[in-house]
Amino acid sequence: MSAPSSPASQASEAYDVVIVGAGFAGMYMLHRLRGLGLSARVFEQGGGVGGTWYWNRYPGARCDVESMQYSYSFSDELQQEWDWSERYAPQPEILKYANHVADRFDLRRDIQFETRVDRAEFDERSSTWSVTTSDGKTVSASFVVLATGCLSNARKPDIKGLDIFKGPVYHTSNWPHEPIDFTGLRVGIIGTGSSGIQSVPVIAEQAKHLTVFQRTPNYSIPARNAPLTPAERKTFRDNYPAIRHFARWEARNGIYTELPDRGALDDGDNERRAKYEARWARGGLTFMSVYNNLGLDKTANDTAAGFVREKIGETVRDPATAKALQPTTYPIGTKRICIDTDYFETFNRPNVSLVDIKTNPIEEITANAVRVAGHDHEVDALVLATGFDAMTGSVARIDIRGRGGKTLNQKWAEGPKTYLGLMSAGFPNLFIITGPGSPSVLSNMIVSIEQHVDWIADCLVYMREQGLATMEADVDAEEKWVAHVNDVAHGTLYPQANSWYMGANIPGKPRIFMPYIGGVGVYRQICNDIAAKGYEGFVMGRAEQPRRAAAS
Ligand code: N01
C-alpha cells in the first residue's frame with residue numbers, strides 16, 4: 001500500500017490515511033498506522049490533542065469511569081508510568097495525560113491543529129479520497145478514518161431570546177480556556193445531564209445564586225471520588241493484564257468489576273436493599289451491575305430506581321424540591337446514568353433553587369432573566385449544559401460524498417446505517433471509530449476505541465498483504481447488522497427513554513437506538529470472526545475490479 005501518486009483532485013499532498021480528530025481515537029490510530037509504515041495526517045479542529053477532554057472544561061468536569069481504567073492499554077510502559085491522582089480523574093489531568101501520550105509517542109508532527117475537515121469526496125476512478133480542510137487545502141488519501149468522537153457536536157437549545165441575553169452564555173462542551181469566576185453572580189444553568197450534574201455543585205460554591213432549570217430529572221449515583229493511594233495504583237498495575245482482559249472480554253461495558261450472578265428479584269427485599277446500599281456506599285457506575293437484569297426487566301429495574309429515589313428523598317431537605325429531583329418517567333439506566341459529587345446535597349444550600357421546566361417550559365430569555373410561567377428568574381450569566389447531537393452530529397458536519405456523489409447525510413437521513421459501526425455501504429475506504437452500530441458510548445470508550453483501531457490496523461495489513469485497494473460494507477450485511485442492533489436494543493428497556501442514545505434530544509432526528517447493546521466482548525468476538533473469515537460482509541477489491549470478500 002503506498003500513497004496514491006495522482007489523485008483525482010488538485011490535492012498537493014497524498015497520504016495513505018487521513019484521520020479526522022486528535023482525541024483518544026485519532027491519536028492511537030496515528031500511532032498504529034505509523035507502526036505499520038503507513039503515512040498518515042491528522043486534522044484536528046481544536047488547538048491541541050484530547051478531543052472531548054480538550055473542549056469540555058466546565059467546572060467539575062471529570063470522567064465517570066475510574067482513571068486506572070480510563071486509560072490506554074496498548075503500551076505497558078505508559079500504563080505503568082502514569083500516576084493518576086484520583087479515583088476519577090478531573091478533566092485537566094486527563095488532558096495532561098493526552099498531551100503526555102502525544103509527546104511520548106511523538107504524535108504532534110503528523111497532526112495539523114485548528115483545522116476542520118469540511119469535505120471528503122471519494123473518487124471512484126482512482127479509489128482515493130479528496131479531503132478539503134478549513135484552511136482551503138485539499139489532500140488525497142487512500143483511506144479516511146473518522147475519529148470524530150460521539151459527543152462532540154454541541155446542542156444549543158432553540159430558546160426564544162437566547163441571543164438577546166446581555167450576560168455571558170457558556171456551553172459546557174465549549175468552555176473558555178481561561179478560568180471563569182462566578183463569584184457574586186446570579187447564574188442560571190439549563191440542563192441536568194452528566195455535565196449539569198457535575199458542574200452544579202462547583203458553580204454553586206462560587207455563585208451568589210444558582211438557578212437550575214430542569215426539564216428531566218436524572219438518576220445519579222455518588223462518585224465517592226477520593227485520592228488514589230500508591231497501594232491502590234500498584235494493585236491495578238500489578239494486575240493490568242487480567243484487568244484489561246476482563247474489560248475487553250467479560251464486562252459488557254468494558255469496565256472491570258464483579259459480574260452479577262442473579263437478577264434483582266432473585267433476592268429477598270432485605271438482601272436486595274443491602275446490596276444496593278453497599279453499591280451506593282461504594283459509588284460509581286457499577287451500581288447498575290449489581291444485578292444482571294436491571295436493563296431488561298422493568299420490575300427488577302423498579303427496585304433500583306425506587307432505591308435511588310428514596311436516597312434523593314432522604315438527601316434533599318425541601319420535600320417539593322426532592323420530589324422534583326426524583327426521576328419517574330423512565331427506567332433507571334436507560335438515559336445515561338450520572339455519577340456526582342454532592343449534586344443532590346447542593347439543593348440544600350440557601351443559594352440554590354430548582355425550577356421545573358417540564359411542566360412550565362422556558363417561555364423566553366430576556367436581557368437579564370429566564371422567564372418561566374410568567375416569572376422572571378434574574379441571572380447575570382447562563383450555562384447551557386444541554387448536551388450534544390450525539391453519535392452522528394460530528395460526522396454530519398462534514399460533507400462526505402461516497403459512490404455516485406451520494407452524501408453520508410443523505411444516506412443517514414432516516415438514521416445511521418453501518419456495518420459493525422465501522423463502515424457504511426457506498427463509502428469505500430472510510431472507517432468510523434466507535435460509530436453508531438458499535439458499543440461505543442455504552443462502554444468504557446477507551447476499550448472500544450482501542451478495539452476499533454486495532455481492528456482497522458489489522459484490516460489494512462490484510463489488504464496490503466492481499467494486494468487489495470478498496471473495502472466497503474456490503475449492503476445486505478449492513479442491513480442485517482442494522483436490524484440486529486435494533487433487535488438487541490428492543491429486547492432491553494433502553495428504548496423506553498427519550499435519550500440521546502435514541503436521538504430523542506434533537507428535534508427531528510430519527511428515533512433509532514444508535515449504539516450496539518450486545519456487550520463489548522460479544523461484539524469483539526463478532527468483529528474478530530468476521531476478520532478471520534476474510535472480512536465477511538465487506539466487499540474488497542483491487543483497484544480495477546471489485547470482488548466480494550470470501551464468505552465462510
Ligand atoms: O448532555 P445530556 P450532557 N431546554 O444530553 C437538557 C457524556 N458525559 O452534556 O433530558 C431545556 O445528557 C436535557 O433535558 P432532557 C455522557 O455520556 C460524560 O450532560 O432532554 N433543557 C438534559 O437535562 C453524557 O450522557 C461525563 O429533558 C434542555 C440536558 O439538557 C453525555 O456526555 C460528563 C434543552 C442535556 O443532558 C451528554 O451529557 C459529561 C432545552 N431546549 C458528559 N435541551 C462524564 O464522564 C436539552 N436540555 C462524567
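Which polar backbone atom is 2.9 Å from an oxygen atom of the ligand? Look for Ser194: one of its polar backbone atoms sits at that distance from a ligand oxygen. Keep in mind as you explore that this is a predicted model.

Let's stay with the ligand for a while. Right next along the chain, Ser195 offers a polar side-chain atom, and that atom is 2.6 Å from an oxygen atom of the ligand. Thr216 joins in too, with an N or O atom of its side chain 2.4 Å from a ligand oxygen. How much of the ligand does the protein bury? On its own the ligand would expose 920 Å², and the protein buries 88% of that.

Now zoom out to everything around the ligand. The shell has 23 residues, and the closest are Thr192, Ser195, Arg215, Thr216 and Lys335. Sort the shell by character and you get nine nonpolar residues, nine polar ones and five charged ones. Helix 5, which covers residues 194–206, gives the largest share of the shell, with three residues.

Where does the ligand sit in relation to the domains? Domain 1 is made of two stretches, 7–153 and 390–541, and domain 2 is made of 162–231 and 250–384. Both of them give residues to the shell, so the ligand lies between the two.

Thr192 deserves a second look. You'll find Thr192 in the loop between strand 8 and helix 5. Is Thr192 buried or exposed? Its relative accessible area is 6%, and because anything under 20% counts as buried, Thr192 is buried. A polar atom of the Thr192 side chain also lies 3.0 Å from the backbone oxygen of Thr216, and Thr216 is another of the residues closest to the ligand.

Time to leave the ligand and hunt for charged pairs. Side chains of opposite charge can pair when their charged atoms come close. How many salt bridges does the structure hold? The count is 39, and a few of them make good stops on the tour.

Start with Glu81 and Arg104, whose closest N and O atoms are 2.5 Å apart. Glu81 belongs to helix 3 (residues 76–81) and Arg104 to helix 4 (residues 91–104), so this salt bridge ties together parts that are 23 residues apart in sequence. Both ends are partly exposed: Glu81 has a relative accessible area of 35%, and Arg104 has 34%.

Next, find Arg186 and Asp380, which form a salt bridge with an N to O distance of 2.8 Å. These two come from distant parts of the chain, 194 residues apart. Arg186 is in strand 8 (residues 186–190), while Asp380 is in the loop between strand 15 (375–378) and strand 16 (381–384). Arg186 is partly exposed at 25% relative accessible area, and Asp380 is partly exposed at 25% as well.

For a pair within one helix, try Lys298 and Asp302, which meet in a salt bridge at 2.7 Å, N to O. They are four residues apart in helix 9 (residues 298–315), so about one helical turn separates them. Lys298 is partly exposed, with 36% relative accessibility, and so is Asp302, with 33%.

Finally, salt bridges can also join up. Arg273, Glu277, Glu310, Lys311 and Glu314 are linked in a network of them. Try picking out these five residues in the structure above and tracing how they connect.

Note on methods: Residues are numbered from 1 along each chain as its sequence is written. This is a predicted model: local features need pLDDT of at least 70, side-chain atom pairs count only at pLDDT 80 or more; totals for chains, interfaces and linings use all residues. Side-chain values use heavy atoms; hydrogens and water are left out. A salt bridge is a side-chain nitrogen of Lys or Arg within 4 Å of a carboxyl oxygen of Asp or Glu. Buried means under 20% relative accessible area, exposed over 50%, partly exposed in between (1.4 Å probe, protein chains only). A residue is near a molecule or strand if one of its heavy atoms lies within 4 Å of it. A polar contact is a pair of N or O atoms within 3.5 Å; within protein, one must be able to donate a hydrogen and the other to accept it, and residues adjacent in sequence count only if both atoms are side-chain atoms. Accessible areas come from the Shrake-Rupley method with a 1.4 Å probe; for residues, only the protein chains shown count as cover. Ala, Val, Leu, Ile, Met, Phe, Trp, Tyr, Cys and Pro count as nonpolar, Asp, Glu, Lys and Arg as charged, and the others, Gly among them, as polar. Domain bounds come from an automatic or database domain assignment.
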